[in-house]
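Subject: Structure handover

Hello,

Please find the structure below. My notes on it follow.

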Amino acid sequence: MPSQKMLVKTLKTRELMKILEKIIIEFECSYDELYEYFSKYHIYEIIGEKFSQISISTSDFSNIIDIISKIGLHPYMVGTPILRITESKKIFPLLPLGNILSKYCKKIIRLNENLINKLIYGKTIEINEKINFNRVIILNNYGEFIAYAKITREKNSTLIIPELDIGWYLRKGG
C-alpha cells in the first residue's frame, strides 16, 4: 500500500489570522490578543490529499521535517492541531482551539454541570433564555472549554446543538 505524502508548510502569524478571520468574527474574538497569543508559536499547515490541518507548536520542527522528507518520510501531524480544512476549503475549529478562543472571544455561554453532561453526550439541550448568537463556545462554570455549538431560537426557549464537544472523542473520534 503506497504511503500518502503529506506536505508540511510553515505559516506566519498573519497567514494564520487570515485563515481564522471568519471564526474571529463569528465568535467576536479579540484579533489583537489572538495575534499576540499565536505569535509565540510555530505554526504549521499539514496539507493532505483529502484534508489539511493547521497546528501550533512551541518547538521549531522545520529542519527535522526537511531531513525526514528527503528520506521519504512525511509526517501527518506536527504539534497540536487547531483547525481542519476540507478539500472544498471549509475551515473547522478543532477542540484545542476552543481552549484558546474561550479566553479571547465574547460569544460564550457558561452552563451548569447537568446541562454539560447532556451536551457532551451529543444531545441537544434546551434552556429558557433568549440567546442572539448563531454559534457559541460553551464553557463549564470553571471556565473550561466544553463545546462549539449551534443556537436555534424557539418561541420561549433556545436550543443548544453541539457541533463538536469534548465527548466526541469517546463517541466517534477515538
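Which residue in E3 is the bridge partner of Ile43? It is Ile56.

Before the rest, the conventions. This is a predicted model, so local features need pLDDT of at least 70 and side-chain atom pairs count only at pLDDT 80 or more, while totals for chains, interfaces and linings use all residues. Residues are numbered from 1 along each chain as its sequence is written, and side-chain values use heavy atoms, with hydrogens and water left out.

Overall

The chain has six helices and ten strands. Helices (H or I, at least four residues) and strands (E, at least two) are DSSP runs, numbered from the N terminus. The C-alpha trace spans about 60 × 40 × 30 Å along its principal axes. Of the 174 residues, 41% count as buried, where buried means under 20% relative accessible area, exposed means over 50%, and partly exposed is in between (1.4 Å probe, protein chains only). Among contacts between residues at least 6 apart in sequence, 59% join residues at least 24 apart; a contact means heavy atoms within 4.5 Å.

The antiparallel sheet

Five strands form an open sheet in the order E1-E2-E3-E4-E5, and the pairing is antiparallel. Two strands pair if DSSP finds at least two bridges between them. E1 and strand E5 (91-93) stand at the edges with a single partner strand each, so one side of each is left without a neighbour in the sheet. On average, neighbouring strands of this sheet are turned by 25 degrees against each other, direction ignored. Axes here are lines fitted to C-alpha atoms, for helices over the stretch in contact, and angles run from 0 to 180 degrees between N-to-C directions.

Strand E1 (residues 7-11) pairs with strand E2 (residues 42-47) over five bridges, in the antiparallel sense. Thr10 stands opposite Tyr44 in E2. E2 is in turn joined to strand E3 (residues 51-57) by six bridges, again antiparallel, and a hairpin of three residues connects E2 to E3. Besides the pair named at the top, Glu45 stands opposite Ile54 in E3.

In strand E4 (residues 80-86) is Thr86. With a relative accessible area of 15%, Thr86 is buried. Leaving out residues up to four places away in sequence, Thr86 touches Lys50, Phe51 and Phe92.

The mixed sheet

A second group of five strands forms an open sheet in the order E6-E8-E9-E10-E7, with mixed pairing. Its edges are E6 and strand E7 (125-127), each with a single partner strand, so one side of each has no neighbour in the sheet. The twist averages 40 degrees from one strand to the next. E6 and strand E8 (residues 135-139) run parallel and are joined by three bridges.

Ile109 lies in strand E6 (residues 108-110), and its bridge partner in E8 is Ile138. Its relative accessibility is 10%, so Ile109 counts as buried. Not counting residues up to four places away in sequence, Ile109 touches Ile131, Val136, Ile137, Ile138, Leu139, Ile151 and Ile160. One of these, Ile137, is 28 residues from Ile109 in sequence, with a C-alpha to C-alpha separation of 6.4 Å.

Helices

Helix H4 (residues 95-104) lies across strands of both sheets. In the mixed sheet, H4 lies across E6, E8, strand E9 (145-153) and strand E10 (158-165), running at about 85 degrees to E9. In the antiparallel sheet, H4 lies across E3, E4 and E5, at about 110 degrees to E4.

Helix H1 (residues 13-26) packs with helix H2 (residues 31-38) at an angle of about 140 degrees, and their axes are 10 Å apart. H1 and H2 are therefore oblique to each other: angles under 35 degrees count as roughly parallel, over 145 as roughly antiparallel, 65 to 115 as roughly perpendicular and the rest as oblique. The crossing is right-handed, which is the term when the near helix is turned clockwise from the far one by less than a right angle; anticlockwise makes a crossing left-handed.

On the H1 side the contact consists of Thr13, Arg14, Leu16, Met17, Leu20 and Ile24, which meet Tyr31, Leu34, Tyr35 and Phe38 in H2. These residues divide into eight nonpolar, one polar and one charged. Ala, Val, Leu, Ile, Met, Phe, Trp, Tyr, Cys and Pro count as nonpolar, Asp, Glu, Lys and Arg as charged, and the others, Gly among them, as polar.

Regards
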